[in-house]
Amino acid sequence: MTTVPAPASADEALAMLRAGMSYLAAADPTALAAQTQADCLQALEQLDAVETATRAWILGAFTASQGYSADADYSPTAWLIHRTKVTKGAARGHLGWARRVQAHPQVAAALAGGTVLTESMARIICGWTGQLPAGCRQAADGILIAAAGAGVGREDLAALAAEIYARSLPDPGDHDPEPAFEDRQVRVETTFAGAGVISGDLTPECAAVVTAVLESLSAPAGAEDTRTREQRYHDGLQEAMRRLVASGLLPERAGQPVKVWAHVSLAELRAMDDGSVLETGWVTEMRIRWAARRAGAAGGSGGDGGAWLDGDAARAMACDAAVAPVVTGDIDPSALDDLVALCLQLGGHGAHCQPPPDPGPAARPGPAPAPAGEPGPGGEPGQGGEPGQGGQQGPGGLDQLTAMSREAIRQAIIGKAADLLSGPGGLASFLRTRQLGARLAGPSLPLDIGYAETIPPGIRNAVILRDRRCRWPGGCHQPAAACQVHHVKHKAHGGPTSLTGCVLLCSYHHQVVIHRWGWTLVLNKDGTTTAWNPDRTKVFHSHGPPARAG
């Protein structure tokens, strides 16, 4: 057996660990004997236990010293998500163990030994003894760990834990005035296409109330009702939440009543207007992008707090809801280039604009052409004095367009196209007011007003729809409902209250990181954000532009 020297530092230990795991990962498992495979699997479980305890101790110290704040993260969970690239569930799992090892040091020591408890069994033991009074936990942990080390199976361990719990119950006359919240949790996560997953642990009282409500609202609708019990429970939960929202009993969020967003694409409005055959292809492409945007709103980030509905579901929800209509559409740069080229071609300056064939001097009306190089009838030296000859001039007599003049025309066309679509008299407003009826036919709101003491609802809603969550470039997944609108350039310094002058930030990155710690954030022209700390030793960049609001 080869003796491996002990590492001299933590960095050396990490390097040796990586090397060993890399060796096993590169090995061909099919070339190993069955006993070697079994030994590897047992050793990996033992290493997993040691890794769990080690990570928990290091993460606990990192959390206690608030090491995450050096990277402008507001919690160890956020730091793990943004710096180690784990999921939110994995980050919470790591922090859960960091808390367990503090409350159950004997379990942590058994894990670190690598031979007594596996990570999964240690988690179960902590769950059992965590329900005991604080004064009984250490003794209970010691009893269960010793039993597990002696080979007692899980069922017998559960019976032993139940006996310990029964013996530790206080007298009926005793009362604990301090509420305990460790035994309850509910998680709601959004998955692909807006679907959700609910999981958690309910107290007995909560489980009884939830069960009673679901049983009341999930009764079969008759013999033709083919839904399973689980499907009826789902529909009962939705009905219970709908009734609660409609009751008006919910408190306001961020000073505003609970509301429903109605997302209506410009493509959908044009489809209602029964567009031409050419527009049909464009509408199809927009619907594809709409579906992608809808799927992108999933993924657990929370988005803008809105549900992306269409068809009957959208009509049913909008029938009795406070609706804020937002017509959206994207600018296609290639379409603008095609429009510029079309205008130039119609003006006689396109690449395919050729002059008509010359019938000859005798057939041309008017004075004879001037020789080449001499002034023509217009006083300009020309190719025979006729506009368009030689491909150097268009019908209007203008010289060939320079790059600067083409850019000027391009900017003018872009401006007119924006005027055509936007504003109270624009195409989007016209279609919305004519197609969607009185509930959605209200006046348009401005999105650029210069300076204002407060942020108007129109700009606030547009920023929320564009950003959908905190735009901190270092990474932050706080949803729009938990964020504030931040002026990129402070109002005291003349910062405009506009869509391009505002960005969505959570209260931590807005109030603490920027306004207290002095970090700087800029919104780049391409929609990305960049931030740096006061001495510029750390600079963060976002990796992509946000979704457009319009």
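Where is aspartate 141 in this structure? Aspartate 141 lies in helix α7, which covers residues 134-149. The model shown in these views is predicted.

**View 1. Surroundings of aspartate 141 in α7.** Aspartate 141 is buried but forms no salt bridge. The nearest side chain of opposite charge belongs to arginine 137, and it is 7.5 Å away. A salt bridge would need a side-chain nitrogen of Lys or Arg within 4 Å of a carboxyl oxygen of Asp or Glu. When neighbours within four places in sequence are set aside, aspartate 141 is in contact with His104, Gln106, Val107, Ile125 and Thr129.

**View 2. Helix α7 and what covers its buried residues.** The helix has 16 residues, and 24 Å separate its first C-alpha from its last. That span is close to the 22 Å expected at 1.5 Å a residue. Buried in α7 are Ala140, Asp141, Leu144, Ile145, Ala147 and Ala148. Their cover includes α5, α6 and α8, the last of these being residues 154-168. Just after α7, glycine 151 takes a positive phi of about 100°.

**View 3. The buried face of helix α5.** Helix α5 is made of residues 105-113, and Val107, Ala108, Ala110 and Leu111 are buried in it. Seen down the axis of α5, these buried residues fall within an arc of 160°, so they line one face of the helix. An α-helix has 3.6 residues a turn, so residues three or four places apart point the same way. The buried residues of α5 pack against α2 (34-64), α4 (88-103), α6 (119-129) and α7. Glycine 114, just after α5, has a positive phi of about 80°.

**View 4. The largest nonpolar core.** This core holds 24 residues. Those touching the most other members are Cys470, Trp472, Leu504, Leu505, Trp519 and Leu521. Two or more residues each come from α17 (457-467), β5 (483-487), β6 (502-506) and α18 (507-514). Strand β6 gives the largest share, 5 residues.

**View 5. Contacts of leucine 504, and a second core.** Leaving aside neighbours within four places in sequence, the contacts of leucine 504 include Val463, Ile464 and Asp467. Arg468, Arg469, Cys470 and Arg471 are also among them, as are Ala480, Cys483, Gln484 and Val485. A second core, separate from the largest one, has 23 residues. Among its members are Ala56, Trp97, Ala122 and Leu144. Leu144 is also one of the buried residues of α7.

How values were computed. Residues are numbered from 1 along each chain as its sequence is written. This is a predicted model: local features need pLDDT of at least 70, side-chain atom pairs count only at pLDDT 80 or more; totals for chains, interfaces and linings use all residues. Side-chain values use heavy atoms; hydrogens and water are left out. Helices (H or I, at least four residues) and strands (E, at least two) are DSSP runs, numbered from the N terminus. Buried means under 20% relative accessible area, exposed over 50%, partly exposed in between (1.4 Å probe, protein chains only). Lys and Arg count as positive and Asp and Glu as negative; His and the chain ends are not counted. Contact means heavy atoms within 4.5 Å. The arc is that of the directions from the helix axis to the C-beta atoms. The expected span of a helix is 1.5 Å times one less than its number of residues. A nonpolar core is a set of buried Ala, Val, Leu, Ile, Met, Phe, Trp, Tyr and Cys residues joined through side-chain atoms within 4.5 Å.
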